[in-house]
Amino acid sequence: MDDVELVLGPLLRHVDESSATVWVETSGPCEVTVLHAGAPTFEVCGHHYALVVLTGLAPGTSTPYEVRLDGRTVWPQPESPFPASRIRTLPEDGAPFRLVFGSCRKPHEHDSLGTDALVSYAERMRGLPESEWPRSLLLLGDQVYADETTAETQAWLATRRDLSEPPGTEVTDFDEYAHLYRETWCDPPVRWLLSTVPVSMIFDDHDVRDDWNTSDVWRERMRRHPWWTGRLRGAFMSYWVYQHLGNLGPGELAEDPTAAAVLDGPGDRTELLRRLADEADDELGAVKHARWSYRRRFGRVRLLVIDSRAGRILGGGRRSMLDEEEFRWVEQSAEGEHDHLLIGTSLPWLLPPAFSDLESLNEAACRRPGRRGRVAEWVRQTGDFEHWAAFRSSFDRLARLVERTGSADGAPATICVLSGDVHHSYFARARFPRRLRSAVYQLTCSPVHNTAPSYLRLAFRAGWWRPLAWLAGRWARLSGVEPPPLDWSCVLGPRFTNAIATLELTGRRAEAWLELSEPDGLVVYARLPLAP
């Protein structure tokens, strides 16, 4: 029998002061060992995975590690130009915490999209002292493009099925999603980066399909396609395996019934995850869908990542980013004393003001009966009016959460909403009618490796123009849309180059900067002190 090989990974996922998790995909069933811990693989649709949970680690340590399959070392790769992969536990004191984030990364085949910012970051990082490496990486959506595949993937798909039949060159099932993840994470620099910097993730629309869950009209139209059920099932199953599982820490893995069942020894977990996937899209069903939102703690820093795609309520005349139970969970998770509260959501909460008012206006127009409502729905889908402002009640509820948290005794020094999606990067400062104890920012970084057409660049620049914002706001007020409960203005950007953003938090101080990916490497565009 041939030796089992490492197909993808290792990915270093959840790391705190005393524990870590390492994810791998292998070519067959085996025992996976990292440092002192081991785990058997589990099977999904003929593919094999393992999540190794390490506990009892010492705080503030840095330990190089290998990956062994049935006792045979398969990582690091021979003659790799990169340093050893390491597990760096969080220190117990208030040492600086550096988080890197971004979204929207197409595979490296797309050279026309410019220099891949994540590749550039990894290449630079390998030459830096370990003290300058980030503590965490947050990928805020569009890790894979299920609806915009590469030429290589299309050639591979053509060996499996007739691409003249719907959905053509888009992916259809778990096997095809597995191919996308391998293609996206196989670049040697990115593979090393993901093995060394703990990474958290959340999906966005292209992980499933452009405009995913824009409205109930969109959802019902997609459900009429005979291939859609299989596509959505493969999307949720693969997302759980490749992304969501690693977002959970050891305690959450033990408490989560699906994770506990999947990791309970070797075996085929296909049917278990298929049931979970089928329930996940049933927003009003008797069985509660999986909660894809999650939280992380980095000392005195709280990261709260919100699912702003799969958990939407769209039917029955309601529109909400999250159902009531999950929204309450988000509000409860923001409580407590933190030096900094980071809210990750793939879609920006604060868009350019003109666009924010237009999306709220469009939501109201879509409720009109007859032709006017149908035209407004066409505008919604054509213009991608699907962000927080297009779910106005949810926008306002998040604003109340931020205001309540930022005005409380022991409020964090900063509340930062981290987002992507919109294929341009900007930092915006928010101000509420009453002065808060916390400084509030929208920090948007997108794309890591993609682009925006010239007409969208012009539109997004215009969205920050005060006269246009006034006109959009006036139109919205005359149409009965209430003004937003806060004001905001752009303090950095917008920029349309591939980019990566960094937050550095030291005690109650905070600084953010944006780096643009140029052919010769990353270039700092600007640095912004958030809390002196």
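This is a short tour of one predicted model, from its strands to its salt bridges and its surface.

Let's start with strand S2. It spans residues 20-26. Is S2 buried or exposed? 7 of its 7 residues are buried, so the strand is largely enclosed by the rest of the structure. Look at both faces. In a regular strand, side chains alternate between the two faces of the sheet. On one side of S2 sit Ala20, Val22, Val24 and Thr26. On the other sit Thr21, Trp23 and Glu25. Both faces are covered, and each of these residues is buried.

Now its partners. Strands of a sheet pair through backbone hydrogen bonds, either parallel or antiparallel. Strand S1, residues 6-15, pairs with S2 in the antiparallel sense over 5 bridges. The two strands make a hairpin, with 4 residues between them. To find this pairing on screen, go to Leu8: its bridge partner in S2 is Glu25. S2 also pairs with strand S6, residues 47-54. That pairing is antiparallel too, with 7 bridges. Here the marker is Trp23, whose bridge partner in S6 is Leu51.

Next, an open sheet. It has 4 strands, in the order S4-S3-S8-S9, and the pairing is antiparallel. Which strands stand at the edges? They are S4, residues 37-40, and S9, residues 72-75. Each has a single partner strand, so one side of each is left without a neighbour in the sheet. Neighbouring strands in this sheet are turned against each other by 30° on average, direction ignored. Zoom in on S3 and S4. Strand S3 covers residues 31-34, and 4 bridges join it to S4. The two run antiparallel. Thr33 stands opposite Gly38 in S4.

On to charges. Side chains of opposite charge can pair when their charged atoms come close. How many salt bridges does the structure hold? The count is 34. I'll show a few.

Take Glu504 and Arg98. Their side chains meet in a salt bridge, 2.5 Å from N to O. Glu504 lies in strand S22, residues 499-506, and Arg98 lies in strand S11, residues 97-102, so the pair ties together parts that are 406 residues apart in sequence. Glu504 has 22% relative accessibility, so it counts as partly exposed. Arg98, at 21%, also counts as partly exposed. The cut-off here is 20%: under that, a residue would be called buried.

Second, Arg309 and Asp204. This salt bridge is 2.7 Å, N to O. Arg309 is in the loop between strand S16 (301-306) and helix H10 (324-333). Asp204 is in the loop between strand S13 (199-201) and helix H5 (216-223). The pair links distant parts of the chain, 105 residues apart. Are these two buried or exposed? Arg309 is at 0% relative accessibility, so it counts as buried. Asp204 is buried as well, with a relative accessible area of 0%.

Third, Asp339 and Arg300. Their side chains meet at 3.3 Å, N to O. Asp339 lies in the loop between H10 and S17, and Arg300 in the loop between strand S15 (294-298) and S16, so this pair ties together parts that are 39 residues apart in sequence. Asp339 is buried, at 11% relative accessible area. Arg300 is at 42% and counts as partly exposed.

Salt bridges can also form a network. Arg160, Arg161, Asp173 and Glu176 are linked that way.

Now step from Asp339 to His340. His340 sits in strand S17, residues 340-345. His340 is buried, with a relative accessible area of 0%. What does its side chain contact? It makes a polar contact with the side chain of Thr414, at 2.7 Å. It also reaches the backbone oxygen of Gly507, at 2.9 Å.

Last stop: the surface. Which residues form a nonpolar patch there? Trp465, Leu468, Trp470 and Leu471. Together they have about 480 Å² of accessible area. Trp470 lies in helix H15, residues 466-478. At 57% relative accessibility, Trp470 counts as exposed.

To recap. S2 is largely enclosed, with both partners antiparallel. The salt bridge of Glu504 and Arg98 ties together parts 406 residues apart. His340 is buried, whereas Trp470 is exposed.

Conventions:
Residues numbered from 1 in each chain as written. Predicted model: local features only at pLDDT ≥ 70, side-chain atom pairs only at ≥ 80, totals over all residues. Heavy atoms only, no water. Patch = residues over 30% accessible without salt bridge, like charges linked within 9 Å, V, L, I, M, F, W, Y side chains within 5 Å. Areas by Shrake-Rupley, 256 points an atom, 1.4 Å probe, with all protein chains shown as cover. Salt bridge = Lys/Arg side-chain N within 4 Å of Asp/Glu carboxyl O. Buried < 20%, exposed > 50% of the residue type's maximum accessible area, 1.4 Å probe, protein only. Pairing = 2+ DSSP bridges. Axes fitted to C-alpha atoms, helices over the stretch in contact; angles between N-to-C directions. Polar contact = N/O pair within 3.5 Å; in protein donor to acceptor, adjacent residues only side chain to side chain.
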